[in-house]
Amino acid sequence: MKGSLIIVAFFVAGIIVGVTHLLPPMSSLGNISYITLCALIFLVGFMIGNDSEIFKKFRRLNRLYMLLPLMTIVGTLAGCAITTLLLPHRSLSDCLAVGSGMGYYSLSSVLITQYKGAELGTVALLANIVREVITLLGAPLMVRWFGKLAPISVGGATTMDTTLPILTRACGKDFVIVSIFHGFIVDFSVPLLVTFFASW
């Protein structure tokens with residue numbers, strides 16, 4: 001929760017700096033967002049590659065649990081497609097691009113801003129932060145009402161990092177590897193899906 005509040009605080013600070021023109025406009029800074037994005041993707045890859053045990057743990061995972069990331073992705077995209085009925089001013093590709101962030105706000109918002117503009121990038125940032133906050137606050141209730149896989153699915157790409165502690169507490173230590181595997185696969189899908197839908 002603290003991490004999400006820090007991100008929101010930086011977002012609000014960015015708006016204030018932009019409105020007050022304390023920094024030069026982004027257009028004069030070149031491809032800074034693209035360079036930052038590349039650095040972010042590199043660091044994610046480095047973290048995954050640096051853990052030599054992670055792939056061994058994945059191989060021991062129950063085969064049915066391996067379907068969870070696919071179900072999360074399909075369910076999220078289906079929900080986003082239905083959302084277009086409630087938001088007629090937004091195209092199907094816009095809604096799918098935002099949903100494809102799967103909670104990975106830092107990556108998806110930068111990509112969507114590049115392809116679709118700052119307005120939709122801001123929507124993506126807020127939508128994905130909300131997804132993370134819902135997971136952090138609602139995990140115990142989701143476990144009680146829907147089972148231990150529910151908060152993992154809702155957490156999307158965040159289940160291997162920011163929401164892992166609360167998921168461990170709510171779902172139990174037996175689901176730590178499920179959460180990490182789920183986050184790893186969903187995390188990997190984000191740049192592919194967001195780029196695909198944002199470039200429609």
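**A walk through an all-helix model**

Among contacts in this protein between residues at least 6 apart in sequence, 70% join residues at least 24 apart. Hi everyone, and please keep in mind as we go that this is a predicted model.

Let's start with the overall picture. How many helices and how many strands are there in the protein? The count is 10 helices and 0 strands. If you read along from the N terminus, the elements go α-α-α-α-α-α-α-α-α-α. The protein has 200 residues, and 38% of them count as buried. As for the outside, the accessible surface comes to about 11300 Å², and carbon and sulfur atoms account for 73% of that.

Now please find two helices on your screen: helix 4, residues 68-86, and helix 10, residues 176-198. Their axes come within 9 Å and cross at roughly 40 degrees. What do we call that arrangement? Angles under 35 degrees would count as roughly parallel, and 65 to 115 as roughly perpendicular, so helix 4 and helix 10 are oblique to each other. The crossing of these two helices is right-handed.

Which residues meet there? Helix 4 brings Leu68, Pro69, Thr72, Ile73 and Leu77. From helix 10 come Val178, Phe181, His182, Ile185, Val186, Ser189, Leu193 and Phe197. Sorted by character, the residues of this contact are 10 nonpolar, 3 polar and no charged. If you'd like some practice, try picking out the 3 polar ones yourself.

Let's stay on helix 10 for a moment, since serine 179 is placed there too. Is serine 179 buried or exposed? The cut-off for buried is under 20% relative accessible area, and serine 179 has 2%, so it is buried. Leaving out residues up to four places away in sequence, serine 179 touches Ile152, Thr159, Met160, Leu164 and Leu167.

My last stop is methionine 102. Where does methionine 102 sit? You'll find it in the loop between helix 5 (92-99) and helix 6 (105-116). Have a look at its backbone: methionine 102 has a positive phi of about 50 degrees, although it is not a glycine. Although it lies in a loop, methionine 102 counts as buried because its relative accessibility is 0%.

To recap, we have seen a protein with 10 helices and 0 strands, an oblique pair made of helix 4 and helix 10, and two buried residues, serine 179 and methionine 102. Thanks for listening!

Methods: Residues numbered from 1 in each chain as written. Predicted model: local features only at pLDDT ≥ 70, side-chain atom pairs only at ≥ 80, totals over all residues. Heavy atoms only, no water. Axes fitted to C-alpha atoms, helices over the stretch in contact; angles between N-to-C directions. Helix = DSSP H or I, 4+ residues; strand = E, 2+ residues; numbered from the N terminus. Parallel < 35°, antiparallel > 145°, perpendicular 65-115°, else oblique. Left-handed = near helix turned anticlockwise from the far one by under 90°. Contact = heavy atoms within 4.5 Å. Nonpolar A, V, L, I, M, F, W, Y, C, P; charged D, E, K, R; others polar. Buried < 20%, exposed > 50% of the residue type's maximum accessible area, 1.4 Å probe, protein only. Areas by Shrake-Rupley, 256 points an atom, 1.4 Å probe, with all protein chains shown as cover.
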